[in-house]
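User: Please take a close look at a single part of this structure and explain what surrounds it. I would like one connected account rather than a list.

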Amino acid sequence: MKPGFFSKGSLFVHRTRQALHTVGWGLVFPCFWFLDRLIAVCISTSLERRRRREEECYLHPLQVFFGFILFLFLFLISTPFAFLGFLLWAPLQLTRRPFSYRHQVATVEMENRNVGWEEAGRVTFGFVTANLCLLPDGLARFNNLGHSQNRALAIGQSIVQGVSRPHIRILIDSPSSSGTLSPSISLLPQSASTSYGATDAQVQPGRVEQSADTVLDGEIPKTSTGGASVNVASDHMNQQQPVLWNCNQNSNQQGSRGRRNPPRALRMLGKAGDTPLELSTLFPANVDIVCLEEVFDKRAAKKLTEALGSAFSHILYDIGVYACQPCWTCSSFKFFNSGLFLASRFPVMEAQYHCFPNGRGEDALASKGLLCVKLQIGLQKGEKKMVGYFNCTHLHAPERDGVIRCEQLDMVTQWISEFQTMTQQQHELVVFDVLCGDFNFDNCSPDDRLEQNHSLFNDYRDPCRAGPGKEKPWVIGTLLQQPTLYDENVKTPDNLQRTLEDEELRKVYLAPPVSQGSAPLVYPDPGEPWVGRRLDYLLYRESTLTDHCRTEVEEFTYVTQLAGLTDHIPVGLRLNVTL
């Protein structure tokens with residue numbers, strides 16, 4: 001088995017090495033933790049500073065002073081033990097497998113949308129990607145985010161709560177509403193309404209009520225029956241609890257009697273209806289694969305794994321390499337893994353990880369790279385078993401380094417091709433080939449022209465892209481302004497949803513495009529909408545699928561459920577594959 005390929009087992013082939021690794025990291029960890037707390041006690045998020053002002057707390061300088069002295073002292077006395085542990089831990093990284101694998105039986109059931117696929121002649125698959133900024137707490141605070149482990153648990157619960165809900169079918173009965181029907185919407189008999197444009201809605205069970213404030217307080221999000229969704233049809237939901245919802249946006253401000261308005265319905269915003277778009281406060285239902293970036297903190301990764309394991313049976317985490325590696329595979333000493341994290345409903349047949357060898361600056365401290373996975377779908381057409389290929393990556397971050405990112409895109413193209421060539425069998429039916437991740441460049445910044453014209457986009461299709469440097473008119477940026485993460489307009493899922501629907505508010509809270517050099521930025525072009533930086537991508541291609549397979553986008557989703565928990569907006573993609 002070649003290095004980097006999938007193997008079910010521990011991180012090391014031999015138990016002795018695993019034991020030595022545990023002892024070495026056990027000696028290093030106290031020093032690492034004290035240093036992390038030393039940084040964290042000195043840096044506050046904007047939410048913490050605001051709360052201190054509101055509570056008129058004047059003891060913070062004393063807390064910083066004595067906390068700094070305490071953790072500095074503990075850091076210094078633990079350093080000799082950390083050095084001994086490092087001498088034991090670092091050499092073992094050359095023999096460490098590049099990811100941990102967890103398999104367990106899912107306890108949360110999700111709807112199987114591929115039941116009866118033979119008659120329909122097609123199958124459907126759902127994907128989600130998100131950048132979580134789960135760095136060690138001290139480093140995460142430089143991005144105005146803290147409490148990484150609490151955030152990890154809240155994020156995991158939010159994802160499970162969203163993806164495991166029944167597939168919601170929505171009907172809008174309002175001529176003046178901006179909403180239109182999506183392909184997933186079915187026409188249902190309507191009950192009489194007492195208000196124009198209103199429908200009966202059913203309360204969603206198990207809605208996770210959370211906010212940045214509860215995570216800051218260390219509270220675990222709790223489920224409730226709060227939150228409503230529109231006129232619902234589901235095989236799993238037979239009882240109806242009518243809640244009046246006025247779907248007419250113009251009249252949503254009145255007649256609610258203090259009741260909190262639920263999220264708006266699906267809207268077909270693509271030009272000529274080319275892409276059904278959902279701007280949702282919940283993760284899409286029945287997602288098959290979740291890819292996450294910047295899950296660097298090991299303890300946060302474990303909490304995330306425990307939370308997602310209830311819905312996803314197969315999880316790859318702690319992906320990447322550490323310490324010194326051969327010079328042709330990595331550029332420098334690696335303090336962090338790649339930050340990639342994969343949760344799948346489908347069994348993993350093969351997996352391979354590659355580390356980018358051209359990292360530079362602070363990005364070189366992490367083993368960013370590409371994860372390629374082959375998945376067993378569990379369906380069969382004739383004698384051919386269905387499989388899918390899923391690839392995720394996180395490219396070089398610093399601005400002005402477009403050449404490095406283009407080199408990494410070249411490597412991504414090559415590595416995916418080699419992986420699929422080595423693993424594809426003649427008796428298999430390839431039904432999807434998806435590439436996703438945080439590419440760290442957008443399709444509207446003049447400074448990113450080089451990456452926007454890369455040949456990768458001739459191979460993989462981007463449902464949001466109209467062409468190099470030009471987005472489709474309905475596209476929304478996915479990078480939030482870090483200083484304003486806890487402003488009222490973006491701190492909750494509902495508020496963030498409303499903000500993203502308003503172009504003027506998007507200009508305030510989404511990161512703007514990057515100009516080229518010292519040239520003044522002229523954006524957007526006359527008559528074009530303001531989009532913002534879209535760094536998170538979900539791409540697919542048909543050229544590698546088995547003959548006669550055709551792919552169409554059923555839905556593209558922007559998710560606001562993680563408002564206040566990360567500085568990126570998660571995105572989802574559902575594909576229909578005609579066989």
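Analyst:
**N440 and the sheet before it**

N440 counts as buried, because its relative accessible area is 11% and the cut-off for that class is under 20%. The model is a predicted one, and the values that follow should be read as properties of that prediction. N440 sits in the loop between β15 and α10 (449-452), and its phi is positive, about 60°, although the residue is not a glycine. Most residues other than glycine have a negative phi, and most peptide bonds are trans.

The strand on one side of this loop, β15, leads into the sheet. There, β15 (residues 428-438) runs parallel to β14 (residues 384-394), and 10 bridges join the two strands. One pair can be followed by residue: F390 has V434 of β15 as its bridge partner. Helix α9 (residues 402-423) packs on this sheet, where α9 touches β12, β13 (369-381), β14 and β15, and the direction of the helix makes about 35° with that of β13.

Taken as a whole, the sheet is open and has 5 strands in the order β12-β13-β14-β15-β18, with pairing that is mixed. Because β12 (348-355) and β18 (536-540) each have a single partner strand, they stand at the edges, and one side of each is left without a neighbour in the sheet. On average, and ignoring direction, neighbouring strands of the sheet are turned by 15° against each other. Strands of a sheet pair through backbone hydrogen bonds, either parallel or antiparallel.

F390 also appears in the description of the nonpolar interior: the largest nonpolar core has 91 residues, and those with the most contacts inside this core are L371, F390, F432 and Y558. A second core, separate from that one, has 29 residues and includes L132, I155, V290 and V295.

The edge strand β18 has a backbone feature of its own in the loop before it. P524 lies in the loop between α13 (503-509) and β18, and the peptide bond from Y523 to P524 is cis, with omega near -10°.

Which other residue can be set beside N440 for its positive phi? N286 can, with a phi near 60° in a residue other than glycine. N286 is found in the loop between β8 (277-280) and β9 (289-295), and N286 is buried, with a relative accessible area of 1%.

For a buried polar side chain with explicit partners, T124 is a useful case. T124 belongs to strand β2 (residues 122-134) and is buried, its relative accessible area being 7%. A polar atom of the T124 side chain lies 3.2 Å from the backbone oxygen of L575, while the T124 side chain also makes a polar contact of 3.1 Å with the side chain of N576. Leaving aside residues up to four places away in sequence, T124 touches R113, N114, D288, E554, R574, L575 and N576.

Q18 offers a contrast in exposure, since Q18 is partly exposed, with a relative accessible area of 24%. Q18 is found in helix α1 (residues 15-42) and touches S10, L11 and F12, again without counting residues up to four places away in sequence. Between the C-alpha atoms of Q18 and R96 the distance in space is 8.8 Å, although these two residues are 78 residues apart in sequence.

Key:
Residues numbered from 1 in each chain as written. Predicted model: local features only at pLDDT ≥ 70, side-chain atom pairs only at ≥ 80, totals over all residues. Heavy atoms only, no water. Pairing = 2+ DSSP bridges. Helix = DSSP H or I, 4+ residues; strand = E, 2+ residues; numbered from the N terminus. Axes fitted to C-alpha atoms, helices over the stretch in contact; angles between N-to-C directions. Contact = heavy atoms within 4.5 Å. Buried < 20%, exposed > 50% of the residue type's maximum accessible area, 1.4 Å probe, protein only. Polar contact = N/O pair within 3.5 Å; in protein donor to acceptor, adjacent residues only side chain to side chain. Core = buried A, V, L, I, M, F, W, Y, C linked by side-chain atoms within 4.5 Å.
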